[in-house]
Amino acid sequence: MIVAIDGPAGSGKSTVAKALARRLHMHYLDTGAMYRSVALAATQRGIALDDVEALATLAREIRIAFEHDEVTGLPTRVMVDGDDVTLAIRTPQIDDAVSAVARLPQVRAAMVPIQRDESASGGLVAEGRDIGTVVFPDAELKVYLTASAEERARRRHIELADRGELIGADAVRERMDARDTADSSREAAPLAAAKDAVLLDTTGLTIDEVVERIARLAEERA
Ligand code: CDP
């Protein structure tokens with residue numbers, strides 16, 4: 001079974017998808033980490049974010065790998081060409097750079113087959129922006145997570161502060177809005193709910209409540 005979880009930044013996708021994968025004993029795939037990895041590699045190599053050719057080549061050539069915990073099966077580290085980039089792909093700088101890379105069809109064409117391969121070894125919970133629409137259009141369960149803009153910005157602000165990133169709440173909101181607008185308005189695989197997705201507004205819900213609801217849907221469709 002494939003569970004596709006899409007939604008904007010701060011909607012709770014990662015936390016919920018991980019908890020769900022654990023509960024359902026399924027694999028977990030964070031597709032955003034892959035686009036973030038391409039953006040990081042581009043920045044490190046001095047590739048301009050409008051150099052389409054160089055970005056396309058980079059996306060085809062870098063080797064992105066997820067290391068997993070032996071007990072929980074959940075990913076512990078994201079590796080790019082053998083380097084641990086787990087923390088480096090979550091900085092505000094990469095937040096700001098990633099949409100420019102992810103909008104390129106050539107970059108997406110390099111990532112999507114790798115994402116599809118992840119479903120070969122059994123059940124999968126995959127999260128991103130185009131999982132239900134493009135990557136796994138036949139997923140048995142599609143969920144589109146949302147939350148109010150205030151709530152999403154609040155969550156991201158706390159997350160960044162926990163990591164020692166001192167950014168004001170207003171700046172977090174502005175940058176998040178800019179990324180969501182870029183992701184939703186691009187031509188290639190824009191952020192959108194699939195027609196057959198279950199819409200779930202997580203504002204005011206706890207993580208456990210969201211996981212419980214999706215797990216029940218998954219059990220009904222298994
Ligand atoms: O955690 P957050 O929701 O903020 O972002 P993410 O899931 O790590 O995704 C980072 C960025 O990657 C998004 O803003 C999109 O530009 C891009 N992305 C995408 O284009 N397609 C996906 N399936 C996943 C992410």
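This section describes the ligand site and then the antiparallel sheet of a predicted model.

The ligand was examined first. Its shell holds 18 residues. Arg36, Arg108, Asp130, Arg179 and Asp183 are the closest of these. By residue class, the shell comprises ten charged, four polar and four nonpolar residues. Three helices each supply at least two shell residues: helix H2 (31–44), helix H4 (92–102) and helix H8 (169–185). Helix H2 gives the most, with four residues.

Several polar side chains approach oxygen atoms of the ligand. For aspartate 183, the separation between a side-chain N or O atom and a ligand oxygen is 2.5 Å. Aspartate 183 is also listed among the closest residues of the shell. For arginine 156, a polar side-chain atom lies 2.8 Å from an oxygen atom of the ligand. For arginine 186, an N or O atom of the side chain is 2.9 Å from a ligand oxygen. Taken alone, the ligand has 530 Å² of accessible area, and the protein covers 98% of that area. The largest pocket of the model is the space that the ligand takes.

The sheet was examined next. Strands of a sheet pair through backbone hydrogen bonds, in either a parallel or an antiparallel sense. Here three strands make up an open sheet, and their pairing is antiparallel. The strand order is S3-S4-S5. Strand S3 (64–68) and strand S5 (83–84) are the edge strands, each pairing on one side only.

Strand S4 (residues 75–80) pairs with S3 over five bridges. Two positions illustrate the register of this pairing. Isoleucine 64 has valine 80 of S4 as its bridge partner. Glutamate 67 stands opposite arginine 77, again in S4. S3 and S4 form a hairpin with six residues between the strands. Within this hairpin, glycine 73 takes a positive phi near 80 degrees.

S4 also pairs with S5, in the antiparallel sense and over two bridges. Valine 80 is involved here too: its bridge partner in S5 is aspartate 83. Valine 80 is thus bridged to isoleucine 64 and to aspartate 83. The hairpin of S4 and S5 has two residues between its strands. Aspartate 81, in the turn, has a positive phi of about 50 degrees. Positive phi values therefore occur in the hairpin of S3 and S4, at glycine 73, and in the hairpin of S4 and S5, at aspartate 81.

Technical notes. Residues are numbered from 1 along each chain as its sequence is written. This is a predicted model: local features need pLDDT of at least 70, side-chain atom pairs count only at pLDDT 80 or more; totals for chains, interfaces and linings use all residues. Side-chain values use heavy atoms; hydrogens and water are left out. A residue is near a molecule or strand if one of its heavy atoms lies within 4 Å of it. A polar contact is a pair of N or O atoms within 3.5 Å; within protein, one must be able to donate a hydrogen and the other to accept it, and residues adjacent in sequence count only if both atoms are side-chain atoms. Accessible areas come from the Shrake-Rupley method with a 1.4 Å probe; for residues, only the protein chains shown count as cover. On a 1 Å grid over the protein atoms alone, a cavity is a set of points where a 1.4 Å probe fits but cannot get out, and a pocket is an open set with protein on both sides within 12 Å along at least five of seven lines; lining residues have an atom within 4 Å of a point. A molecule sits in a cavity or pocket if more than half of its atoms lie within 2 Å of its grid points. Ala, Val, Leu, Ile, Met, Phe, Trp, Tyr, Cys and Pro count as nonpolar, Asp, Glu, Lys and Arg as charged, and the others, Gly among them, as polar.
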